[in-house]
Amino acid sequence: MPAKNLVIVESPAKAKTIEKYLGRNYKVVASLGHIRDLPKSQMGVDFDNNYAPRYISIRGKGDVIKDLKRNAAKVEHVYLAADPDREGEAIAWHVCHILGLDTKDKNRVVFNEITKDAVKNAFKTPRSIDMNLVDAQQARRVLDRIVGYSISPLLWKKVKKGLSAGRVQSVALKLIIDRENEINAFQPEEYWTIDGDFKKGRGKAFASTFYGVDGKKLPLPNNDAVQDVMKRIDKDQPFTVTSVVRKERRRTPAQPFTTSSLQQEANRKLGFPTRKTMMLAQQLYEGINLGGRQGTVGLITYMRTDSTRVSSVAKAETSEFIHNQYGAEYAAVKIKQGKLQEGAQDAHEAIRPSSTKRTPESLSSVLDKDQMKLYRLIWSRFVASEMTPAVVDTVTVKIEQNGVQFRANGSHTKFEGFTKLYVSSRDKDSGDKELPDLAEGDSLTLAKTNPAQHFTQPPARYSEANLVKALEENGVGRPSTYAPTIETLKKRYYVKLTARRFEPTELGGIVNDLIVEFFPDIVDIKFTATVESDLDSIEAGKEDWVKVIDRFYKPFAKEVASAETGIEKVQLKDEPAGFNCDICGAPMVIKMGRFGKFYACSRFPDCRNTKAIVKEIGVLCPKCHKGQIVERKSKRNRVFYGCDRYPECDFVSWDKPVGRDCPVCEHFLIEKRSKAGVQVVCPNGDYKEAVQK
C-alpha cells in the first residue's frame, strides 16, 4: 500500500533517519538543499520592481524536481520538514512554489533534534510557512547578490579575473589586514620583572613576583630601575609577611555551545577549521547508524543556533545522569521530571547531545576519529554546564623588606565541580599552586632573585577562532555564514594560513585598498552590523524587507557609479626573476597565481615554462655540503626543507636545520617550534638548548 504522506527534507541522511521514526504511512525524500536560486549568469534582481528576485531552478536539479512532483502527486498530504532556520524556511517555501502548494496550509514541520520523540511531536502540530523568516532569507540573498555582482566585475576589470567581494567577506578581510598593519606599526617596549624565591624556615621554596616600593606598584622600564630596587634589598636580612588574604572563589561552568562558540572551541582545542567543524556537526545532527535495534539516530541538536537555552527534558535527563555518575553534590539542580507539552517543538536550543545517556564511550564503535572528537567536546561541555561550580581557596601574600614588596599567589581546589569533566580553552587553568602555611609577621628568607628583561609583544594575527569571535562580537554576518566566508578568503588567495594564523597576501591588500577607498560602507563594521540587525527585524516581522534593501541600495548604487570611473586599472607587475628561461632563453618573471607567486617565462603563452619559487634559509646542506637548504611545500601545503641540488642530493627534513652540528653525536641540529617558543635540539635526543621566546 503506497504511503499517504510525503515528507520533504534537505538531505538523504536526514530523510533516512526520520523515515524510520514515522512508519509506513510516510515517505521521506530529499530536495538535496536548495532547488531554486538567483541565476549565476546575471544579477537576477529587478531594481524597477521592488527588488523582486528572479528565481530559476538550479542547474542539475531537474531530475530532483521531477521526482518531487511525481511523489507529491501520489499522496494526500505533503509536509515540508527542512531545517528550523531562515535557510530551511526558504527551502520549504521554494518547494511549496514548485509543487503548487498553498503557503498558508499547515504543512511546515520543524524539530530541533532528529530523535523519535522530537520528530513525532513535531508532526502533531504542523504550521504554515513563516513568511517573515522567508523574507529575511530573501533580503540577505538579494543584498549579497547586489554587493557581489556589483563589486566583483569591477575587480575583474581593474585587477584580475576570478576575484570577488562580499558583504561579510570584505569585512573579514579588512579585520585581518588592519591587524597586520597594527603588527607592522608596533614598536616593542622594554620592561623588566624580578621573580623571587622565598623559604619559611627549612621548608620548600615558593615563587613570588616583585610588586612595588613603599606600598605603590612600581613598573621596571629598564635595568637601572631594577638595580635601584636590588640595592634596597639586604640579602642577609629576613623579609616579613605583612598581609595574608584568603578568599573562596567559585568558578562557574561555560554555557553550552552556540554555533559560534562551537566553531571557536573546536578550532582552539581540536585544531579543526570552521568548515570541518560544521561538516562533522551536520553528520552528527542528521544521524549516525548505531546498529541493532536503535538504527540511525541524530546524536546532537541542530547546529545552527545563537541560543544557549536548554529544554526542561534535557535538563532533567542530565541531572539524573550527573547524580548517578558523579553524585548529588556535582549536579546543579535536583532531579526533576522534565515535561514537554504535547506537540511543543522547543526549537532554537543550544547545541547539545540528543541524549546525555549516550556517552562518548558508548559510541566508540560507531563514530570515526573526528566525529568522536567533536561529539566528546559537545557532550562534555553540555554536561559540565549542568554541573556545580568549582570551589577554589585562594591566598594572596605580601612580603616586604625595606619598603620593597613582593607578592605571592596560591590556590587550592576545595571542590572540583564541573572541572572534573570539562575545562574551557579560555580558562587559564594552571592547576593548584600551593603555598606554605603563612601568617602575618612570619619571617622569610630570600633564597634567590631572578631579574629578567622582556619586550612588549605585538598583537597576534587572527586564528580562525579569533576571527569568528571578532565577527560575532562586531555583529557581522551570522555564525552559519562564517565557514563559507573563511573558505572564500583562502580560495581567492586573499589570505594564507601561516602557523594556523591568517596572513594577508599582496592580492588581498590590493583588493582591500580598493574596497576601502570606493565602498567604505561595505567594510564599515557598524554599517554591516546595522544591516544584520535589520535582517533580524525582518525575521521578527518589525521591518519590511523591500525598505531595508532600498535603504542600503540607494547610497551603494552611487558608490558603484563612482567606482566605475574612479578605479584605475591595477597592474599586477611581473617582477624580473633575474635569470633566463632554461627552455627558450627569454627572461623569467615572477607572477602572482592562485596559490602565491611563481616563476614563469615572459614569452607566455608561446613558452609555458614555470618554476616554483623556493626560499633559501642561509644554511649549507648537511649531507652534500655543496647545495643550499631551501624551504619547499608539499602537496598538502606543509613546509619542508631540502637541498637545492635535488635530484643530485636527496637531503630532506620536515624540521628546519640550523647550520650547526650536535656537540655530542655530530648530527645536524634542527629548530623545534612550540607554544613555549623556539628550541634548537638534536634529532637523536643527545643535545638541546634553552627555549627562545
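The following exercises with worked solutions concern the predicted model shown above.

Residues are numbered from 1 along each chain as its sequence is written, and side-chain values use heavy atoms, with hydrogens and water left out. Because the model is predicted, local features need pLDDT of at least 70 and side-chain atom pairs count only at pLDDT 80 or more, while totals for chains, interfaces and linings use all residues.

**Exercise 1. The chain as a whole**

Task: State how many helices and strands the chain has, and what share of its residues is buried.

Solution. Step 1: Helices (H or I, at least four residues) and strands (E, at least two) are DSSP runs, numbered from the N terminus. The chain has 16 helices and 29 strands.
Step 2: A residue is buried under 20% relative accessible area, exposed over 50%, and partly exposed in between (1.4 Å probe, protein chains only). Of the 693 residues, 47% are buried.

**Exercise 2. Aromatic pairs**

Task: Determine the geometry of the pair formed by Phe-198 and Phe-239, and of the pair formed by Phe-210 and Phe-406.

Solution. Step 1: Rings of Phe, Tyr and Trp (its six-membered ring) pair if their centres lie within 6.5 Å; planes under 30 degrees apart count as stacked, over 60 as edge-to-face and the rest as tilted. The structure contains 22 aromatic pairs.
Step 2: For Phe-198 and Phe-239, the centres are 5.0 Å apart and the planes meet at 70°, an edge-to-face arrangement. Phe-198 belongs to strand β8 (residues 190-199) and Phe-239 to strand β11 (residues 239-251), so this pair ties together parts 41 residues apart in sequence. Both Phe-198 and Phe-239 are buried.
Step 3: For Phe-210 and Phe-406, the centres are 6.0 Å apart and the planes stand at 75°, so this pair is edge-to-face. Phe-210 is in strand β9 (residues 206-213) and Phe-406 in strand β15 (residues 404-415), so the pair ties together parts 196 residues apart in sequence. Phe-210 and Phe-406 are both buried.
Step 4: Ring pairs join Phe-198, Phe-206, Phe-210, Phe-239 and Phe-406 into a cluster.

**Exercise 3. Two helix contacts**

Task: Classify the crossing of α9 with α11 and that of α5 with α16.

Solution. Step 1: Two packed helices are described by the angle between their axes and the distance between the axes. Axes are lines fitted to C-alpha atoms, for helices over the stretch in contact, and angles run from 0 to 180 degrees between N-to-C directions. Angles under 35 degrees count as roughly parallel, over 145 as roughly antiparallel, 65 to 115 as roughly perpendicular and the rest as oblique.
Step 2: The axes of α9 (residues 274-286) and α11 (residues 369-385) come within 10 Å and cross at roughly 85°. Helix α9 is therefore roughly perpendicular to α11.
Step 3: The axes of α5 (residues 131-158) and α16 (residues 545-566) come within 10 Å and cross at roughly 5°. Helices α5 and α16 are therefore roughly parallel.
Step 4: By class, the contact of α5 with α16 has 14 nonpolar, two polar and four charged residues. Here Ala, Val, Leu, Ile, Met, Phe, Trp, Tyr, Cys and Pro count as nonpolar, Asp, Glu, Lys and Arg as charged, and the others, Gly among them, as polar.

**Exercise 4. The surroundings of Thr-240**

Task: Describe the exposure and the contacts of Thr-240.

Solution. Step 1: Thr-240 lies in strand β11 and is partly exposed, with a relative accessible area of 33%.
Step 2: Contact means heavy atoms within 4.5 Å. Not counting residues up to four places away in sequence, Thr-240 touches Lys-398, Ile-399, Glu-400, Gly-441 and Asp-442.
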